[in-house]
Amino acid sequence: MSVKDVVVIGAGAAGMMCAIEAGKRGRSVLLLDHASKLAEKIRVSGGGRCNFTNRYTRPENFISHNPHFCRSALARFTPQDFISLVEKHGIRYHEKKLGQLFCDGSSQQIIDLLRHECDAAGVEWQMPCRVSNVERISASDARFMLETGRGLVSTRALVIATGGLSIPQIGATSFGYRVAEQFDINVTRLRPALVPLIFAPEQLTSFSQLPGIAMEATVSCDGAKFRENLLITHRGLSGPAILQISSYWKPGFPIYIDLLPDIDAAGWLLDHRNSPALLPNLLTQYLPKRFAQAWTEAISGGQPAKPVNQYDEKSLRNIAAQLHGWQITPCGTAGYRKAEVTLGGIDTRELSSKTMEAKKVPGLYFIGEVLDVTGHLGGFNFQWAWASGHAAGRAA
Ligand code: FDA
C-alpha cells in the first residue's frame, strides 16, 4: 500500500494545476486518471489551439447558484499568472478577440507545459488507473483509503478533479458527483451547456437546407444577452452566440434573435416602403441571401414573399419587430456529446471558497468543472480550472 499526502483524481486542467502547486510545497502527490491519453479535453480545446485563458476574466463571466464563490480563487490566480507560465515555457500565443488567448501552435504545448511543471514538482503519475472505491478512515497519517486498479493508496488529502459530463467519448464520467453523493454533499441540477440548440422539424423546414450559413446577431434568453456569430446547422442553431445563450436556456423557454442589432429596422423598411423589390431581396442588404429567403418564408407562414411596396406600414413595423426579436423555441440541446461543459455540479455552498475543501469532510477537495461554476465561452472555463486547482493545491 502506498501512503501519500495528496491524491488527485483526474489529470485534466484543474487536476494538473493542483498537483503542481501541492508538489511545489513539498507534499507527496499522486495524480491518477483512468484515461490512457493525457488531458484529451485540453487537446481538443479551442479548435486544437486551446483558448487557455481570457484577459478580462471577471466573476460575472461565471454561472453558479452561488455567484460570489469564484471570486477568491480567481483573484488569487489571475489570467496574468497563467500567461506568465505560458511565457516561461516560450509558448507563443495571440489574442483572437474579446481577450481570448490561444496558442499560435497547438494545445499540446499547454499539455506539455503542465506535464513538465508536474515533473518538476515531483508529482507521481498513475495512468491509466481506475478508482473502484473511496473510503474515509482515521489513521494518524491518512483520512482516505482508495482502492485503485494498481492497489491500495491512503492519503491525507483527496482532490476530485474529474470534470463534467461533456464529451463522454473522450473519458468524461460522473465519478465526481458520485463521490459527492457518497459523502452527502449536494450536487445542483446538471445540464449540458455551451451546446448547439435543436429545433423541431416543422420549425426547420425553411432552414435545414442552409447549414453553414453564419451571421452576427444578438441572442437573448432569460435575461442574458450575447452578440456573436450565429450558425445554421442541419438540426438547429450553433455558433458562439448560441453556445453562450444555451447556458441560460431551459426547456420550454424561447430565445430571441436580433438579426439587425446595428440598425433601426422599422425606419429602414419604411424608408423603402415604395420599393418594388421583393422583401427578401431588400433584406440581403444585411442578411445572407438564402437565409433572407428562408426567414421571410418562415415569418409569413410559408406564403410567397411580396414586393416591399405591397406591405402596409403595420406589416412593415411587424417585420421590423421580428428582425429585432425573432422568437424561436428550441426543442432541446445537442446533449453532452456536443456540449463544451456541464452546467451545475457540486454545490459550492458546501465548500470553502478559499481552499475548495468540503466543509463537512475535512481533507476532501473538489476543483474545476465538477463544481457548480460554469464559465462563458472564451477561455473562462480553463481560467476557473487553473484558479480552483491552484487554490486547492496551496491548501491540501
Ligand atoms: P477535465 O475534463 O479537463 O479533466 C478531467 C479528467 O478526469 C480527465 O482527464 C478524465 O479522464 C478524468 N476522469 C474522469 N473520470 C474519471 C474517473 N472515474 N477516474 C479517473 N479519472 C477520471 N474551455 C476553455 O476555457 N477554452 C477552450 O478553448 C475550451 N474548448 C473546449 C472544447 C471542447 C470540445 C470541450 C469539450 C471543452 C472545451 N472547454 C474549453 C472546456 C474545458 O475543456 C473544461 O472546462 C476543462 O477541461 C475542465 O477542466 P477539469 O480539469 O475540471 O476537467
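1. A good place to start is phenylalanine 382: in this predicted model, one of its backbone N or O atoms sits 2.8 Å from an oxygen atom of the ligand. Phe382 is also listed among the closest residues to the ligand, together with Ala14, Asp33, Thr173 and Glu369.

2. Two further backbone approaches involve nitrogen on the ligand side. For asparagine 51, a backbone N or O atom is 2.9 Å from a ligand nitrogen. For histidine 34, a polar backbone atom and a nitrogen atom of the ligand are 3.3 Å apart.

3. How much of the ligand's accessible area does the protein cover? On its own the ligand has 1000 Å² of accessible area, and the protein covers 92% of that.

4. Next, have a look at who forms the surroundings. The shell holds 31 residues, which divide into 14 nonpolar, 13 polar and 4 charged. Helices to find in your viewer are α1 (13-24), α2 (40-44) and α13 (380-395), the elements that each give two or more residues to this shell. The top contributor is α13, with 4 residues.

5. While you are looking at α13, please pause at glutamine 383, which lies in this helix. Is Gln383 buried or exposed? Its relative accessibility is 0%, so glutamine 383 counts as buried, the cut-off for that being under 20%.

6. The side chain of glutamine 383 has a polar partner: the side chain of threonine 53, at 2.6 Å. Beyond its neighbours within four places in sequence, Gln383 is in contact with Phe52, Thr53, Thr57, Leu74, Phe77, Thr78, Pro79 and Phe82.

Methods
Residues numbered from 1 in each chain as written. Predicted model: local features only at pLDDT ≥ 70, side-chain atom pairs only at ≥ 80, totals over all residues. Heavy atoms only, no water. Near = heavy atom within 4 Å. Polar contact = N/O pair within 3.5 Å; in protein donor to acceptor, adjacent residues only side chain to side chain. Areas by Shrake-Rupley, 256 points an atom, 1.4 Å probe, with all protein chains shown as cover. Nonpolar A, V, L, I, M, F, W, Y, C, P; charged D, E, K, R; others polar. Buried < 20%, exposed > 50% of the residue type's maximum accessible area, 1.4 Å probe, protein only. Contact = heavy atoms within 4.5 Å.
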